[in-house]
Amino acid sequence: MSGSLLFCICLAYFVAAYFCYGGYLKRVFRIDPKNPTPAHTQFDGIDYVPTPRIVLFGHHFASIAGPGPIVGPIMAAYFGWLPALIWILVGCVFVGAFHDFAAMVMSVRNKGRSISYIMEDLMGYAGRMLFLIFCCSCLVLIVGIFTLLIAGMFVQIPAVATASLLFIGMAPLFALCSMKLGFGLKKSSFVFVPLVFLTVLIGDLLPIDLVASFGMSKQGATYIWIAVLAIYVFAASVVPVQWLLQPRDYLNSYLLYGMLALGIVSIIAYNPDINLNAFNGWTALTADGNMTAMIPALFIFIACGACSGFHSLVASGTTSKQINSEKDLLPIGYGGMILEGILGVMALVAVMAMEPATFFEVGKNQPMAFATGIASFSAALGIPEVYSKVFISLAISAFMMTSLDTATRLGRFLWQELFMPRAKKSAENNNNEPSTIKPQMAQWRKVITNPFLAAFIIVGLSMLMALTGSAASIWPIFGASNQLMAGLTFLGITLYLMIKGANWFISFIPMVLMMVMSLWGVAQVVSQQWGQNSVLVVSGIFLFAMAVLMILLGASIMLHHLKAIYGKKEFAYAKVEND
């Protein structure tokens, strides 16, 4: 079987899954376009803004994608391409896309609140606070890590810095033209989308090279870019979403669409052979030079291409506040993750054609391995390999920026929710969903939840980690904590479906899988780093303890609901027999 045939089979599978399993989930969650969404009922012109589907899809997809769907599958390919492919195909459809869609639905049905705040309805105030602390910790880590990665890329590939800054400057101009000057979305897109691709050429012609231009050391240049990124993400987290975050992500999405189109056409035209082994054993020598067990590493390496806990925060933190109609939930929530699965398969095919010895070396830099593989295929289209490689590298960096600014805004949301008082229950709303009344806040809560102060704290903590290098040292725990967040989100989804009397087994099984694999992964990191890296050990123990407390609390609530459900059934049977 050739790589192109395998890729086409996977494409057909994902399309069928969207309509079949996605359609089933629409019925389970009773999606109804007549239900009003928070973008309308909670409209504030800053975070709650009704958004056209095509614009919001671009924002959501660019936010959840980042480098994850490329990095994870290539890291897992050291075990062989078959285990990675199976987890992407099964995980994306039945775990990841379901996870993203369900988190978005639950948020839309709860006034656009994040999955963390919804936990209070499902697991009480203690459950909400545990989950909020866990998520805030993960987001500070994410912002710190992506800041280091992007700053490092700006130093190594100065063309990326130029293109990224041009993207940022174009975003408010695009918003001004499309919203205020009367050009509309289509006409503005017709002008600005080509300009997006032009910035790739400008970046290559006019790279912002701080080392060469000012004689700085690489470390000094990195610190300058960290400061620039700190200013940008602070602004992105407080400026109304339709003026910076939304238009930038919308324009960036066309870069990814272009990269996807280039990859799909190149794979089909080149028709690469499969040279990597399908399976290298239950343990393998991975990119870090260590012998690694496939279980649980496979489920931790491949996050965004199959399932990622970070997606639940995006789906329920920013996207849900912009959903114009419930009919947009499936294409954005479920469809966005399906497209990530396609990108994950593309990343696998890009390295399948490499000889094992070549892949072992090239695969250590996963974005570069992906760019090298697709660029070599594009030669069949007559496109010079060097231009394809530059374009793909710039596209990947652009989505790292998108993940960075979205994570910062989410961190600001969660910090504000962390200090919100207990919610007061109200009557059920029109969607038959539990709602809450925002209680009167004390003055100190108003101060500490101020959007600007919240953003400053999140950015400050994240940049501190980036400047001290702490984020880089905690990278091994990041993958496991991300998947642990997905498991905890599935706990909330299971309780939600159980309360609604829906089929909760469809979320219970993924919950158990993600919980077991992620806790196993965290325990392995703590064991391996014991006595060597105190930061990793303390972080791992903290995350493990928080997750166990959440699981115990969730299990007790789940058992309570099960007793109530089956107790009613037994009572009904007894009544029938007596009658």
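This text walks through a predicted model of one protein chain, from its overall build to single residues.

Start with the whole. The protein chain has 23 helices and four strands. Its radius of gyration is 23 Å, close to the 25 Å that the globule rule gives for 579 residues, so the chain is as compact as a globular protein of that length. Along the principal axes, the C-alpha atoms fill a box of roughly 80 × 55 × 50 Å.

Next, the inside and the outside. Of the 579 residues in the protein chain, 59% are buried. The chain exposes about 22500 Å². Carbon and sulfur atoms supply 68% of that area. Contacts reach far along the sequence too. Among contacts with a separation of 6 or more, 84% join residues that are 24 or more positions apart.

Now the charges. The protein chain carries 31 positive and 24 negative side chains. The centres of these two sets lie 11 Å apart. How many salt bridges does the count come to? The count is three. Each can be taken in turn.

One salt bridge joins the side chains of Asp328 and Arg53, at 2.7 Å from N to O. Asp328 lies in the loop between helix H13 (310-317) and helix H14 (329-352), and Arg53 lies in helix H3 (residues 53-65), so the pair ties together parts that are 275 residues apart in sequence. Are the two partners buried or partly exposed? Asp328 is buried, with a relative accessible area of 5%. Arg53 counts as partly exposed, at 38% relative accessibility. The dividing value here is 20%: buried means under it.

Another salt bridge pairs Arg109 with Glu326. Their closest N and O atoms are 3.0 Å apart. Arg109 sits in the loop between H5 and helix H6 (115-156), while Glu326 sits in the loop between H13 and H14. The two are 217 residues apart, and the pair links distant parts of the chain. Both Arg109 and Glu326 are buried. The loop between H13 and H14 thus appears in two of these pairs, through Asp328 and through Glu326.

The remaining pair is Arg248 and Asp405, whose side chains meet at 3.5 Å, N to O. Arg248 belongs to helix H11 (residues 245-270) and Asp405 to helix H17 (residues 385-418). This pair also links distant parts of the chain, 157 residues apart. Arg248 is buried at 1% relative accessibility. Asp405 is buried at 0%.

Turn to a short helix. Helix H4 covers residues 68-76. Eight of its nine residues are buried, so H4 is largely enclosed by the rest of the structure. Those buried residues are Gly68, Pro69, Ile70, Val71, Gly72, Pro73, Ile74 and Ala76.

Pro69 leads on to a glycine far along the chain. Gly305 is in contact with Pro69, and also with Ile88, Cys92, Met337, Glu340 and Gly341, leaving aside neighbours within four places in sequence. Where is Gly305 found? Gly305 is in the loop between helix H12 (294-301) and H13. Gly305 is buried, at 0% relative accessibility. Its C-alpha atom is 4.9 Å from that of Gly341, although the two residues are 36 apart in sequence.

His99 is another residue to follow. His99 has its place in helix H5 (residues 81-108). It is buried, with a relative accessible area of 0%. Which residues does His99 contact, leaving aside neighbours within four places in sequence? They are Cys307, Ser308, Gly309, His311, Ser312, Ala486, Thr489, Phe490 and Ile493.

Finish with a residue that is not buried. Gly184 lies in helix H8 (residues 184-205). Gly184 counts as partly exposed, at 24% relative accessibility. Gly184 touches Cys177 and Ser178, not counting residues up to four places away in sequence. Its C-alpha atom and that of Phe174 are separated by 9.8 Å, with the two residues ten apart along the chain.

How values were computed
Residues are numbered from 1 along each chain as its sequence is written. This is a predicted model: local features need pLDDT of at least 70, side-chain atom pairs count only at pLDDT 80 or more; totals for chains, interfaces and linings use all residues. Side-chain values use heavy atoms; hydrogens and water are left out. The radius of gyration is taken over C-alpha atoms; the globule rule is 2.2 Å times the number of residues to the power 0.38. Buried means under 20% relative accessible area, exposed over 50%, partly exposed in between (1.4 Å probe, protein chains only). Contact means heavy atoms within 4.5 Å. Accessible areas come from the Shrake-Rupley method with a 1.4 Å probe; for residues, only the protein chains shown count as cover. Lys and Arg count as positive and Asp and Glu as negative; His and the chain ends are not counted. The place of a charge is taken as NZ of Lys, CZ of Arg, CG of Asp or CD of Glu. A salt bridge is a side-chain nitrogen of Lys or Arg within 4 Å of a carboxyl oxygen of Asp or Glu.
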